[in-house]
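Good morning, and thank you for making time for this presentation. I ask you to look first at the sequence and the structure, which are shown here.

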Amino acid sequence: MKNWWSILFICAASFAMSACGDDPGVALTCDDIYPADQVKFSDVAELMKGDCAFCHSADSPVYGYNYETTAAAYDSTAYKPRLVYFQLASGLMPPGNAWSDDKLKVYRSWYCHGALYE
């Protein structure tokens, strides 16, 4: 029985990781980005505040995400930028309001230029 749980865990982890970027349409790449001087994290945070904070806030940090403030948005994004991008690029988040190519380009640009917090 112990081995069965281990196998199940490994399979689930493999499936979860494969869902986060194998599809070129949702992979976080550095193709088609803005120049570094045109994008800051505050730009990304504003998009997330407007589109994500309704469900992901300090009062309701769904899955640990909080996009109410710039600092909270950075804390929620910086350590898992590929997962957040996958959710946005695949249309899983925000539900019913998929991010446009331009919004995704802003996110990619921030990430590809160092994922800095200014």
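Let me begin with a definition. Angles between axes under 35 degrees count as roughly parallel, those over 145 as roughly antiparallel, those from 65 to 115 as roughly perpendicular, and the rest as oblique. Please also keep in mind that this is a predicted model.

With that definition, I turn to helices H2 and H5. Their axes lie 9 Å apart, and the two helices pack at an angle of about 140°. H2 and H5 are therefore oblique to each other. The crossing in which H2 passes H5 is left-handed.

Which residues meet where H2 and H5 come into contact? On the H2 side they are Phe41, Asp43, Val44, Leu47, Met48 and Asp51, and on the H5 side Lys103, Val106, Tyr107 and Trp110. By character, the residues of this contact comprise 7 nonpolar and 3 charged ones, with no polar residue.

H2 and H5 also appear in the surroundings of the next helix, H4, which spans residues 81-89. Its buried residues are Pro81, Val84, Tyr85, Phe86 and Leu88. The elements that cover these buried residues include H2, at residues 41-52, H3, at residues 70-77, and H5, at residues 101-112.

Let us follow the chain onward from H4. After this helix comes Gly91, with a positive phi near 85°. In the loop between H4 and H5 we find Pro94. The peptide bond that joins Met93 to Pro94 is cis, and its omega is about -20°.

Two further residues deserve attention for their backbone angles. Asp32, placed in the loop between H1 and H2, is not a glycine, yet its phi is positive, at about 55°. Tyr63 belongs to the loop between H2 and H3. It, too, is a residue other than glycine with a positive phi, in this case near 55°. Is the side of the chain at Tyr63 buried or exposed? Tyr63 counts as exposed, because its relative accessibility is 75%, and the cut-off for exposed is over 50%.

I come now to the cysteines. How many disulfides does the structure hold? The number is 1. This disulfide links Cys30 with Cys112, at a sulfur-to-sulfur distance of 2.0 Å. The link is left-handed, with -95° about the S-S bond. Since Cys30 sits in the loop between H1 and H2 while Cys112 belongs to helix H5, the pair ties together parts that are 82 residues apart in sequence. As a general reminder, a disulfide is a covalent bond between the sulfur atoms of two cysteines. Cys30 itself counts as partly exposed, at 43% relative accessibility.

Cys52, by contrast, takes part in no disulfide, and the nearest cysteine sulfur to it is that of Cys55, 8.8 Å away. Cys52 is buried, because its relative accessible area is 8%, where buried means under 20%. Cys55 is likewise in no disulfide, its nearest cysteine sulfur being that of Cys52. At 37% relative accessibility, Cys55 counts as partly exposed.

To close, I would return to two points. H2 and H5 cross obliquely, and the disulfide of Cys30 and Cys112 ties the loop between H1 and H2 to helix H5. Thank you for your attention.

Methods: Residues numbered from 1 in each chain as written. Predicted model: local features only at pLDDT ≥ 70, side-chain atom pairs only at ≥ 80, totals over all residues. Heavy atoms only, no water. Buried < 20%, exposed > 50% of the residue type's maximum accessible area, 1.4 Å probe, protein only. Helix = DSSP H or I, 4+ residues; strand = E, 2+ residues; numbered from the N terminus. Contact = heavy atoms within 4.5 Å. Disulfide = S-S within 2.5 Å. Axes fitted to C-alpha atoms, helices over the stretch in contact; angles between N-to-C directions. Left-handed = near helix turned anticlockwise from the far one by under 90°. Nonpolar A, V, L, I, M, F, W, Y, C, P; charged D, E, K, R; others polar.
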